[in-house]
Amino acid sequence: MASSGSQTKKADNHSDHRVQPTNPNIAAMKEDVLYHFSLSTSTHDFPTMFGDVKFVCIGGSPTRMEAFAKYMAKELGLDHPGAEYPNICKGTDRYAMFKVGPVLSVSHGIGIPSTSVMLHELIKLLYHARCSNVTVIRIGTSGGIGLKPGSVVITQQAVDPSFKPVFEQMVLGKPVVQRTRLDEKVAQELMQCALELLTFPTVLGNTMCTSDFYEGQGRLDGALCSYTEEDKQKYLKEAQAAGVCNIEMESSVVAAICGACNIPVAVVCVTLLDRLEGDQVSSPHEVLVEYQERPQRLVSHFIKKRLAAAQGP
């Protein structure tokens, strides 16, 4: 733990970009209850608990994010016999959170609404902890378009189902549109890490974010279906022509919220199937497990390089 602390201190010396929500009301609050994390500024010492966090890795599944935390402990040399990685959010079943040195691993559930709630409370947590120079990376799964299953996509732009780099939501009954802003430098660094690993196919491309797994993604196997196979293929090929390499359900809100708060953010997802070839995820379990480990290995390499660079020669 001491070694990771010295690394983050040196990183702070380069710059001090504090995490700062855009909401001016937060600074005036006497207590901030992060209800869905089961944490509060009046009952928890955020700076002590989280002040050294430099990397936040988020993903849908609590089990996967716990596995990632354990993997990072080994990769950072922080693991030891009998080591335990408790769920910091054990007081709730909404999300799971694990900390290993300067890395926070958090689940966000499925889809934009669940991810949005988590991000609001995560950014407030980092603010109250007085964290600086934090990078957020979503690690997930997706459906590819014209890519071999198991390919990893580093998102260049998060686009909506009309292929526009925007995120729209209703606020006080009116539509509010935000740009989706991913950090180009982080994406390029991740791509360089992939070239260094050379263990699985990796591409840099656009990711389409939808609000539904079935009709919203043009699947033919849901309980409802209002289009034909020809309609589906036409739409997916239009997406491919617009630079879309994969489809998932969280990237746009991650890019919009983190981007609005000037937090460097990236999205790294593995493809479980080629949507031009089918709709159902039917690969054997052990194959899917290995696929899901690929983004973790890539992001781990990125984190270790960043920490080594911060530590200096």
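**Exercise 1. A helix and its surroundings**

Which residues of α7 are buried? Work this out on the predicted model, and then state how the helix sits in the rest of the structure.

*Solution.* Begin with the cut-off, since a residue is called buried when its relative accessible area is under 20%. By this test the buried residues of α7 are S251, S252, V253, V254, A255, A256, I257, C258 and G259. Next, set this list against the length of the helix, which covers residues 251-260: nine of its ten residues are buried, so helix α7 is largely enclosed by the rest of the structure. Finally, look just past the helix, where α7 is followed by N262, a residue with a positive phi near 55°.

**Exercise 2. Two domains and the pocket**

Describe how the chain is divided, and explain where the largest pocket lies with respect to the parts.

*Solution.* First take the division itself: the protein chain falls into domain 1 (27-133) and domain 2 (141-249 + 256-312). To the contact, domain 1 gives 17 residues and domain 2 gives 19 residues. The centres of the two domains, taken over C-alpha atoms, are separated by 23 Å.

Then turn to the largest pocket, whose volume is about 420 Å³. Its lining consists of 23 residues, and R64, T141, S142, F213 and L272 are those that lie nearest its centre. Two or more lining residues come from each of β6 (135-144), β11 (244-248), β12 (265-274) and α8 (285-311), and the largest share, five residues, comes from β6. Sorted by class, the lining holds eight nonpolar, ten polar and five charged residues. The last step is the location: domain 1 and domain 2 both give residues to this lining, so the largest pocket lies between them.

**Exercise 3. The first group of annotated residues**

Take the "binding site" feature that includes R94, and compare the surroundings of R94 with those of I139.

*Solution.* Start from the record: in an unreviewed entry, UniProt places this feature at R94, R138, I139, G140 and T141. From this set, R138, G140 and T141 are part of the lining of the largest pocket.

R94 is in the loop between α3 (62-75) and β4 (97-100). Its relative accessible area is 58%, and because the cut-off for exposed is over 50%, R94 counts as exposed.

I139, by contrast, belongs to strand β6 and is buried, at 2% relative accessibility. When residues up to four places away in sequence are left out, I139 touches C57, I58, G59, R64, F68, V268, P295, Q296 and V299. One of these, R64, has already appeared among the residues nearest the centre of the largest pocket.

**Exercise 4. The second group of annotated residues**

Where in the chain are Q217 and R219 placed, and are they buried or exposed?

*Solution.* The record comes first again, for UniProt lists Q217 and R219 under "binding site" in an unreviewed entry, and both are taken into the lining of the largest pocket.

Q217 is in the loop between β10 (202-209) and α6 (229-241), and R219 is likewise found in the loop between β10 and α6. Q217 is buried at 4% relative accessibility, and R219 is buried with a relative accessible area of 2%.

To finish, compare their contacts, leaving aside neighbours within four places in sequence. Q217 is in contact with T210, D212, L236, I247, E248, M249 and R275, while R219 is in contact with F213, Y214, C225, Y227, L273, R275 and D279. R275 therefore appears in both lists, where contact means heavy atoms within 4.5 Å.

**Exercise 5. Positive phi values in loops**

Describe the backbone and the exposure of S38 and F163.

*Solution.* The background is that most residues other than glycine have a negative phi. S38 departs from this pattern, with a positive phi near 60°, and F163 does too, with a phi of about 70°.

Now place them in the chain: S38 is in the loop between β1 (33-34) and β2 (39-40), whereas F163 is in the loop between β7 (152-159) and β8 (166-171). As for exposure, S38 is partly exposed at 32% relative accessibility, and F163 is also partly exposed, at 24%.

How values were computed: Residues numbered from 1 in each chain as written. Predicted model: local features only at pLDDT ≥ 70, side-chain atom pairs only at ≥ 80, totals over all residues. Heavy atoms only, no water. 1 Å grid on protein atoms, 1.4 Å probe; cavity = no way out; pocket = protein on both sides within 12 Å on 5 of 7 lines; lining within 4 Å. Points joined across faces, edges and corners; volume = space filled by probe spheres on them. Helix = DSSP H or I, 4+ residues; strand = E, 2+ residues; numbered from the N terminus. Nonpolar A, V, L, I, M, F, W, Y, C, P; charged D, E, K, R; others polar. Domains from an automatic or database assignment. UniProt positions renumbered as here; feature names shortened; annotations may be inferred. Buried < 20%, exposed > 50% of the residue type's maximum accessible area, 1.4 Å probe, protein only.
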